[in-house]
Amino acid sequence: MLKEFKNFNIIQKIIFALLILYFIFFAINGIATIIYKFQIDYSEGTVLYQSKLLSQGKNIYKDINEHPFILSPYTPVFQLINSPFIKFFGVSLAYGRIISFISALLIAILIYKLLLNYTNNKIISITTALFFIASPY
């Protein structure tokens, strides 16, 4: 791996270093977000409410003309994964955030493994996985 890194020009080394720094920022920000007790965006509360309904065995898809006026435009996979945590540990935004954080890390690892298998180049694999982490979405 070090041999491959030595072949990089200065711009590639700077980009790689910035990606490593961003990964550190991602980890610190992810942990801070998990610890934060309040809602960060609107959909987070909606997803938590739907997860709570699923943990109680209720339907999250309701008539749009009835109260509460909450729509479910997404598939319920995330809510289904989140609902057992709510059922056993109580209502908290932290469980969904932990699921999202771990999912992002697992996808980055999957990208790394797939590219390593395809290219047999650790630097390219790590860089691509880090670009996924650096994506704002």
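A patch is made of residues with over 30% relative accessible area and no salt bridge, in which like charges are joined within 9 Å and nonpolar side chains (Val, Leu, Ile, Met, Phe, Trp, Tyr) within 5 Å. Accessible areas come from the Shrake-Rupley method with a 1.4 Å probe, and for residues only the protein chains shown count as cover.

The structure described here is a predicted model, in which local features need pLDDT of at least 70 and side-chain atom pairs count only at pLDDT 80 or more, while totals for chains, interfaces and linings use all residues. Residues are numbered from 1 along each chain as its sequence is written, and side-chain values use heavy atoms, with hydrogens and water left out.

**Surface**

A nonpolar patch on the surface is formed by I10, I11, I14, I15, L18, I20, L21, F23, I24, I28 and F131, with about 1100 Å² of accessible area together. Helix α2 contributes the most to the patch, namely ten residues; helices are DSSP runs of H or I with at least four residues, numbered from the N terminus. Two residues illustrate the classes of accessibility, where buried means under 20% relative accessible area, exposed over 50%, and partly exposed in between (1.4 Å probe, protein chains only).

| Residue | Helix | Relative accessible area | Class |
|---|---|---|---|
| I28 | α2 | 57% | exposed |
| L80 | α4 (residues 77-89) | 47% | partly exposed |

L80 and L54 are 26 residues apart in sequence, and their C-alpha atoms lie 6.9 Å apart in space.

**Interior**

In soluble globular proteins, nonpolar side chains tend to be buried together. A nonpolar core is a set of buried Ala, Val, Leu, Ile, Met, Phe, Trp, Tyr and Cys residues joined through side-chain atoms within 4.5 Å. The largest such core has nine residues: F26, I34, A94, F101, A104, A108, Y112, A129 and I133. At least two residues of this core come from each of α2 (10-35), α5 (94-119) and α6 (122-134). The most, five residues, are given by α5.

Helix α5 also takes part in a salt bridge, that is, a side-chain nitrogen of Lys or Arg within 4 Å of a carboxyl oxygen of Asp or Glu. One salt bridge is found in the whole structure. E44 pairs with R97, and the closest N and O atoms are 2.6 Å apart. This pair links distant parts of the chain, since E44 lies in helix α3 (residues 42-55) and R97 in helix α5, 53 residues apart. Both E44 and R97 are buried.
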